[in-house]
Amino acid sequence: MPVEPLAESAFIGALRGLSDRYWGTHPFHRRLHAGELDERGLRIWAANRWYYQCQLPQKDAAIISNCPLPEIRRQWLDRIVYHDGPHAGAGGIERWLRLCEAVGFERDEVLDERHVAPGVRFAVDAYVTFARTKPWWEAVASGLTEMFAGHLMQQRVADMLAHYPWIARADLDYFTNRIDKVSGEGKDTLDIVVRHCVTREQQDRAIAALSFKCDVLWSMLDAIERA
């Protein structure tokens, strides 16, 4: 017999229950927030995290390409524009490059990916492949880590300003610009997932997709820490 779908509250609870798997609890992030990284550690983190940031528009484009619903495609398009920017020299990726420059990199050495750890590349590429090969609603569900990100970003700005005096507030524009944006995106994404994952199989796959994304992020920090 088919398994009954979870009630909406139980489904949302199962998704939110994965918050302790988010990378905010990773030992590397704890050391970052505690001011325990040296300048080299910050540079390695920034360059490797940049690889993740620059792949997000491709991930989002894959979701759009797989989605037959114009209203979802229109809604999701804003994410690509946010990261790539409406024109050259703007957008989230550009703001992250400026952070890389602030911690001591030349722009060219970030863009040519010479500092990207193999484990980070593998994890990020696996995430993009997931978005390209899974149903659109499953790929959307994997992005529900947005629900957990806003508070962490607020804390990161405060902690980095407190512990790394060579970093200015303007250097952290990626985070300060993203705090309110990610909160709204998390709410929108959750609404999409709840509306379109209506069978128990879809709900279970959505939960597994979010778990997979948490594993991707955790694996990234494992590789950064080893680097």
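In the predicted model, helix H9 comprises 15 residues, from 149 to 163. At 1.5 Å a residue, a helix of this length should span 21 Å, and the end C-alpha atoms of H9 are 21 Å apart, so the expected and computed values agree. The buried residues of this helix are Ala 149, Gly 150, Leu 152, Met 153, Arg 156, Val 157, Asp 159 and Met 160. In general, an α-helix has 3.6 residues a turn, so residues three or four places apart point the same way.

Gln 154 is also located in helix H9. This residue counts as partly exposed because its relative accessibility is 45%, a value that lies between the limits of 20% for buried and 50% for exposed residues. The C-alpha atom of Gln 154 is separated by 9.5 Å from that of Arg 178, although the two positions lie 24 residues apart in chain numbering terms, counted as their distance apart along the chain.

Arg 178 also figures in the description of the internal space of the model. One cavity of 30 Å³ or more was found, and the largest cavity holds about 290 Å³ of space. Its lining consists of 24 residues, of which Tyr 52, Leu 56, Glu 146, Arg 178 and Lys 213 lie nearest the centre. Two or more lining residues are given by each of helix H3 (39–66), helix H4 (70–84), H9, helix H10 (173–196) and helix H11 (200–226). The most is contributed by H3, with six residues. By class, the lining of the largest cavity contains 11 nonpolar, four polar and nine charged residues.

How values were computed:
Residues are numbered from 1 along each chain as its sequence is written. This is a predicted model: local features need pLDDT of at least 70, side-chain atom pairs count only at pLDDT 80 or more; totals for chains, interfaces and linings use all residues. Side-chain values use heavy atoms; hydrogens and water are left out. Helices (H or I, at least four residues) and strands (E, at least two) are DSSP runs, numbered from the N terminus. The expected span of a helix is 1.5 Å times one less than its number of residues. Buried means under 20% relative accessible area, exposed over 50%, partly exposed in between (1.4 Å probe, protein chains only). On a 1 Å grid over the protein atoms alone, a cavity is a set of points where a 1.4 Å probe fits but cannot get out, and a pocket is an open set with protein on both sides within 12 Å along at least five of seven lines; lining residues have an atom within 4 Å of a point. Grid points are joined across faces, edges and corners, and a volume is the space filled by probe spheres set on the points. Ala, Val, Leu, Ile, Met, Phe, Trp, Tyr, Cys and Pro count as nonpolar, Asp, Glu, Lys and Arg as charged, and the others, Gly among them, as polar.
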